[in-house]
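Me: Please take me through the contacts in this complex, beginning with the nucleic acid and then turning to the protein chains.

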2 protein chains.
Amino acid sequence: MEGRNEYLPAYYRLAEDIREKIESGELKPGDAIPPANRLAEVYGVSLMTVRQGLTILVRMGYLKSVQGKGTFVTAPSAGTLILPFSDKHLLGQDKEVKVKLLNLEIPAADEIVADRLAIKKGTKVIKVKRLLYADEGPVAVDFRFLPYIKGMPLLEKEIAYAAFPEVIAQYREIFLVQSSLEIYACTIRCEEAELLEVEEGHPALCLEQLIRLKDGRPVGWSRMMARGDRLTLKATSRTG
Amino acid sequence: MEGRNEYLPAYYRLAEDIREKIESGELKPGDAIPPANRLAEVYGVSLMTVRQGLTILVRMGYLKSVQGKGTFVTAPSAGTLILPFSDKHLLGQDKEVKVKLLNLEIPAADEIVADRLAIKKGTKVIKVKRLLYADEGPVAVDFRFLPYIKGMPLLEKEIAYAAFPEVIAQYREIFLVQSSLEIYACTIRCEEAELLEVEEGHPALCLEQLIRLKDGRPVGWSRMMARGDRLTLKATSRTG
DNA sequence: CAGTGGTCTAGACCACTAA
DNA sequence: TAGTGGTCTAGACCACTGC
């Protein structure tokens, strides 16, 4: 009856057991695992406990449940990677990144910024220019744009040193949800060349981050230009 | 008693309700939410149902439970992004990507490959060279390396057209787990220039993927060189 | 000690799928 | 119709925290 003689919870052991069978090849992608009630019998636990275990594997991408049909082993999910993205992660965990606030102004939005933030051209926006550098020298320059809201306090330190989503959460006094990042390669332009201590045309990694509210309304846009030889993004699989 | 008069399951409504309170600012990071038994009363559901709802929010990063103390609202988690990574995703969902197998040989590993795969220099490896292109022309060239295992069948089609982790899973007859990706900017080199129809020095996005077994042993390494003007990686927050 | 989260049961009913 | 997953209950006991 009560199989509570192990250190680990029953649902966890069940999940590990099935995961083991999958990784060892005993269960292959496409195979159906035994139905939940069968597993409940075999493992001597209740249905809820079985479900709790299977939920873990579904979340981890090992299984896929189809109502009325069964629960099936899925193909390796390695197509999805996790990309930690913050100033701290940018240069690798070992190196320490320093940030310098170069400029903070409230200009009228130009065409590009207006487009990204879905506002009218000419609307006032907050524009932040920063320089990120490590021990070996400058790594990246970045611009952050957010719509200017009259009366809202501007905390310079926050704006320069916090992660962009946090800056916006702070500024809008809201718990935001969506953030998307585009990554592409280009070359260092004239404006950034001096700051980054390289010549124009040097390979650069460009990162554009768009922050949106839950309803999809953009509330922040940032663009980072990084020296290709000093910045490497690292993404990994695993959900834990 | 039975509040089963809604379209959505009770646990889901509870989760959405609390999430709403968090995003609207009614509940702020650090705040404790009402204890589970209290929520069960308020929403008129059982404890298990409450837990099922809270589990969703914990998984999504909105809440953190601490045994014996309570369940608390966490700070915005936007520091972690999801990066879908497969041949199909590379060019954007709209465009169709085509793949051409350029070469498949079994040379001795050079220094770099031997290092990445943690094998001795000179060991035989499978080397695959591919060209990815879209309607507008070539986008990227990539090399895939995996240790050569005598007697293992080599399925050319698989190797060229499947995602790299799947290729290896197939080849090793195993369900693999770890995959990591490094992203950086460089310039097109002489060897790739002609294939990609650009001149040497053109900005390039370089993607190095390392596939490991569960125990950390590397079993595959790939390196993709993409035209910076034709490839943009897109990552988003949200776990769903 | 009381309050909290974590695990678990032995049922129940529903929705969906396939024969 | 039978088999399956999805939701839900009304309890129970345990482990941990803080007073």
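The exchange below treats the DNA surface and then the interface between two chains.

This is a predicted model, in which local features need pLDDT of at least 70, side-chain atom pairs count only at pLDDT 80 or more, and totals for chains, interfaces and linings use all residues. Residues are numbered from 1 along each chain as its sequence is written, chains are lettered from A and ligands numbered from 1 in the order in which they are written, and side-chain values use heavy atoms, with hydrogens and water left out.

Me: Which part of DNA strand D supplies 75% of its atoms within 4 Å of the protein?
Reply: A residue is near a strand if one of its heavy atoms lies within 4 Å of it. Around DNA strand D there are 23 such residues, and A:Arg51, B:Ala10, B:Tyr11, B:Ser46 and B:Thr49 come nearest. On the DNA side, bases hold the rest of the atoms within 4 Å of the protein, and the 75% belong to sugar or phosphate.

Me: How far from a phosphate oxygen of DNA strand D is the side-chain N or O atom of B:Lys69?
Reply: A polar side-chain atom of A:Arg51 lies 2.5 Å from a phosphate oxygen of this strand, and 2.5 Å is also the value for B:Thr49. For B:Lys69, the separation is 3.3 Å.

Me: Which element gives the most residues to the surface near DNA strand D?
Reply: Helices and strands are DSSP runs numbered from the N terminus (helices H or I, at least four residues; strands E, at least two). By class, the surface has nine nonpolar, 11 polar and three charged residues. With three residues, the element that gives the most is H3(B).

Me: How much area do chain B and chain A bury between them?
Reply: Each chain gives 48 residues to the contact, which means heavy atoms within 4.5 Å. Buried area is the accessible area (1.4 Å probe) that two parts lose on being put together, summed over both. Carbon and sulfur atoms account for 64% of the total, which is about 4300 Å².

Me: How many residue pairs are in polar contact across the interface of chain B and chain A?
Reply: The rule finds zero salt bridges there (a side-chain nitrogen of Lys or Arg within 4 Å of a carboxyl oxygen of Asp or Glu). A polar contact is a pair of N or O atoms within 3.5 Å; within protein, one must be able to donate a hydrogen and the other to accept it, and residues adjacent in sequence count only if both atoms are side-chain atoms. With both residues at pLDDT 80 or more, the number of pairs is eight.

Me: Which residue in S7(B) is the bridge partner of A:Thr236?
Reply: Two strands pair if DSSP finds at least two bridges between them. Strand S10 (residues 233-236) of chain A and S7(B) run antiparallel and are joined by four bridges. The partner of A:Thr236 is B:Ser180.

Terms used
Ala, Val, Leu, Ile, Met, Phe, Trp, Tyr, Cys and Pro count as nonpolar, Asp, Glu, Lys and Arg as charged, and the others, Gly among them, as polar.
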